Amino acid sequence: MAAELGVGRPTKRRSGAAAGGLPVADPRPVFDGQGVQGVRCGTCRYPVAQTGIPWCPACYGPVAPARFTPTGTVWSATVIAIPVGPLRPPFGLAYLDLDDGPRILVRLAEPRVLPPGTRLRITGTDCGDLVAAEERAS
Amino acid sequence: MIQPMLWGVGTSAYGLFPGRRVESLAWDAVAEAVGDAGITPGQIDAVVVGSVFGPPGVATRVQRGLGLGGVPMWTVENACASGTSAYHEAVEAVRTGRFGCVLVLGVDQMSTLFSGAIVPEATDPEGASSLPLPGLYALQAQRYRAEFGVTASQLAEVAVKNKRNGMDNPRAQLRAVAPTTEEVLASRMIAEPLTLLQCCPTSDGAGAAIVGPDRGRRDDLRIEASAMVSGALWDQRSEDVWGYASVARAAEKAFAQAGRTPAEIDVLEVHDAFTIGEIITLEALGLAPRGKGAELAPSGHTRRNGPQPVNPSGGLLSRGHPLGATGTAQLAEIAWQLRGRAAARQVARHRVGLVETMGGGAAGMDGNACVVTILSTQE
């Protein structure tokens with residue numbers, strides 16, 4: 001058996017340092033301990049979890065830095081059963097609609113297929129990924 | 001405006017060919033398409049190439065072997081829709097009279113890049129968070145299942161149908177066995193709920209098409225419509241699952257251009273990179289209402305002997321998915337079907353065919369691009 005297909009070869013795809021490639025600028029949303037950083041449109045209030053964009057992607061109005069609350073509801077969740085980049089299976093991923101902010105991809109603290117509508121809170125980061133856990137009823 | 005026609009098609013075999021030069025896959029496809037169109041290479045006056053992973057310069061190295069130098073040539077990258085995006089540009093160029101005979105080529109060699117799922121793009125916010133493409137479709141499937149109560153076996157039935165079709169496709173990558181629903185569900189989990197047999201394989205291959213104006217040949221296929229859309233914002237305001245809206249936008253344009261309804265389509269090749277993809281796509285194309293697309297395979301509607309066969313080639317699930325080549329492979333299958341030359345795969349009614357290719361993966365957009373084209377015989 002020849003070497004596994006593709007293994008160890010450089011690829012056109014930038015895989016990033018975590019997956020054995022050269023480092024690239026981190027495009028992920030940033031959690032600063034209190035909330036998720038991004039921008040909000042001054043005209044239509046559209047929130048984006050990215051910085052450095054020249055105008056509001058929804059209405060072309062001016063955007064200003066914003067911080068979104070770290071809580072929200074699950075749009076959809078899955079458990080990945082294959083290794084990807086630095087992660088070993090199983091690991092959970094979810095689209096999280098922040099309460100006053102954008103829909104962002106988060107890693108689940110527990111790898112479970114959470115139903116849509118489940119309340120989550122971003123608790124921190126792991127290797128730069130936002131990690132979210134189910135909100136405990138107090 | 002000039003009526004664009006599909007003059008000829010060709011493909012390589014599909015499979016894992018790490019020992020072949022990527023150009024040689026393209027030469028196989030182009031040689032067949034040129035012969036099928038009944039032209040000489042010198043008649044080609046422009047080349048449009050669709051490829052995702054190249055390598056850079058592959059189009060020129062393909063040209064060199066074909067002796068097709070000096071003509072306008074460009075390469076298009078629109079993720080999985082690269083091949084059909086190249087085709088769309090050729091169709092528009094012919095329609096407006098810019099070129100008379102355009103070679104479309106789709107080509108990718110994945111086996112020399114990836115050993116399994118495509119490595120996510122580290123410059124993408126979601127790719128950097130280790131979301132693989134099967135994971136993106138799994139998130140689509142989970143949302144869809146929560147909304148519409150679709151069962152695991154309904155998903156699996158798409159794979160059963162397409163893989164059974166693929167058994168009769170001598171160019172398909174996976175044609176050894178047609179799994180049962182139970183076997184599809186029992187295969188290794190990739191991203192819940194998608195099991196291995198619900199995911200297309202890593203593939204190498206090429207496809208080619210020759211597009212030109214009406215030249216009075218009965219065998220040429222009328223290109224009734226070709227629509228290409230890029231992605232739009234997919235965000236917290238979006239009520240549809242990821243991907244649905246981009247396919248729906250392209251479909252709406254294509255049906256309007258052709259002056260047809262979804263019920264008039266006899267045979268379809270659509271983007272089934274993952275089982276859920278075919279279901280969502282058929283809803284976006286209007287073959288079923290929202291939430292009802294999962295019934296199309298189990299009911300027999302989309303089987304090869306059903307009223308509207310979908311993916312008689314075996315689809316991406318069987319044929320394989322060399323990204324840039326996929327759209328051109330779909331076009332080739334529809335051309336063979338419409339001309340009644342699909343051998344064991346031939347469907348009964350074959351006057352009007354549709355190809356849909358959707359490419360995606362950039363975070364926060366409902367696709368990178370989607371192409372829908374409608375073709376018909378001249379009867």
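**Figure 1. Strand order of chain A in the predicted model.** Read from one end of the sequence to the other, chain A runs β-β-β-β-β-β-β-β-β. The count for this chain is 9 strands and 0 helices. Chain A has 138 residues, and 39% of them count as buried. Among the contacts in chain A with a separation of 6 or more, 44% join residues that are 24 or more positions apart.

**Figure 2. The cis peptide bond before Pro90(A).** The bond that runs from Pro89(A) to Pro90(A) is cis, and its omega is near -5°. Pro90(A) sits in a loop of chain A, with β5 (71-80) on one side and β6 (91-98) on the other. Most peptide bonds are trans, and most residues other than glycine have a negative phi.

**Figure 3. The cis peptide bond before Pro193(B).** In chain B, Glu192(B) and Pro193(B) are joined by a cis peptide bond with omega of about 10°. Pro193(B) belongs to the loop that links β5 (189-191) to β6 (194-195) of chain B.

**Figure 4. Arg45(A), a residue with positive phi.** Arg45(A) is not a glycine, yet its phi is positive, at about 70°. The loop that holds Arg45(A) lies between β2 (36-41) and β3 (47-48) of chain A. Arg45(A) has 13 other C-beta atoms within 10 Å, so it is partly exposed; a residue counts as exposed if it has 12 or fewer.

**Figure 5. Tyr60(A), a residue with positive phi.** For Tyr60(A), which is not a glycine, phi is positive and about 70°. Tyr60(A) is found in the loop of chain A between β3 and β4 (63-68). Because Tyr60(A) has 12 C-beta neighbours inside 10 Å, it counts as exposed.

**Figure 6. The contact between chain A and chain B.** Chain A gives 42 residues to this contact, and chain B gives 38 residues. On the side of chain A that touches chain B, the elements with two or more residues are β5, β6 and β7 (103-108) of chain A. The largest share of that side, 6 residues, belongs to β5(A). By class, the side of chain A that touches chain B holds 23 nonpolar, 8 polar and 11 charged residues.

**Figure 7. Helices α7 and α8 of chain B.** The axes of α7 (residues 244-258) and α8 (residues 275-284) of chain B come within 8 Å, and they cross at roughly 40°. At this angle α7(B) is therefore oblique to α8(B). The crossing of α7(B) past α8(B) is right-handed. From α7(B), the contact uses Tyr244(B), Val247(B), Ala248(B) and Ala251(B), and from α8(B) it uses Ile280(B), Thr281(B) and Ala284(B). The contact of α7(B) with α8(B) has 6 nonpolar residues, 1 polar residue and no charged residues.

**Figure 8. Helices α5 and α8 of chain B.** Helix α5 (residues 152-166) of chain B also packs with α8(B): the axes come within 8 Å and cross at roughly 95°. The two helices, α5(B) and α8(B), are therefore roughly perpendicular to each other. Leu155(B), Ala156(B), Val158(B) and Ala159(B) make the contact on the α5(B) side, and Thr275(B), Ile276(B), Glu278(B) and Ile279(B) make it on the α8(B) side. The contact of α5(B) with α8(B) has 6 nonpolar, 1 polar and 1 charged residues.

Terms used. Residues are numbered from 1 along each chain as its sequence is written. Chains are lettered from A and ligands numbered from 1 in the order in which they are written. This is a predicted model: local features need pLDDT of at least 70, side-chain atom pairs count only at pLDDT 80 or more; totals for chains, interfaces and linings use all residues. Helices (H or I, at least four residues) and strands (E, at least two) are DSSP runs, numbered from the N terminus. A residue is buried if 20 or more other C-beta atoms lie within 10 Å of its own, exposed if 12 or fewer, and partly exposed in between; C-beta atoms are placed from the backbone. Two residues are in contact if their C-beta atoms, placed from the backbone, lie within 7 Å. Ala, Val, Leu, Ile, Met, Phe, Trp, Tyr, Cys and Pro count as nonpolar, Asp, Glu, Lys and Arg as charged, and the others, Gly among them, as polar. Axes are lines fitted to C-alpha atoms, for helices over the stretch in contact, and angles run from 0 to 180 degrees between N-to-C directions. Angles under 35 degrees count as roughly parallel, over 145 as roughly antiparallel, 65 to 115 as roughly perpendicular and the rest as oblique. A crossing is left-handed if the near helix is turned anticlockwise from the far one by less than a right angle, and right-handed if clockwise.
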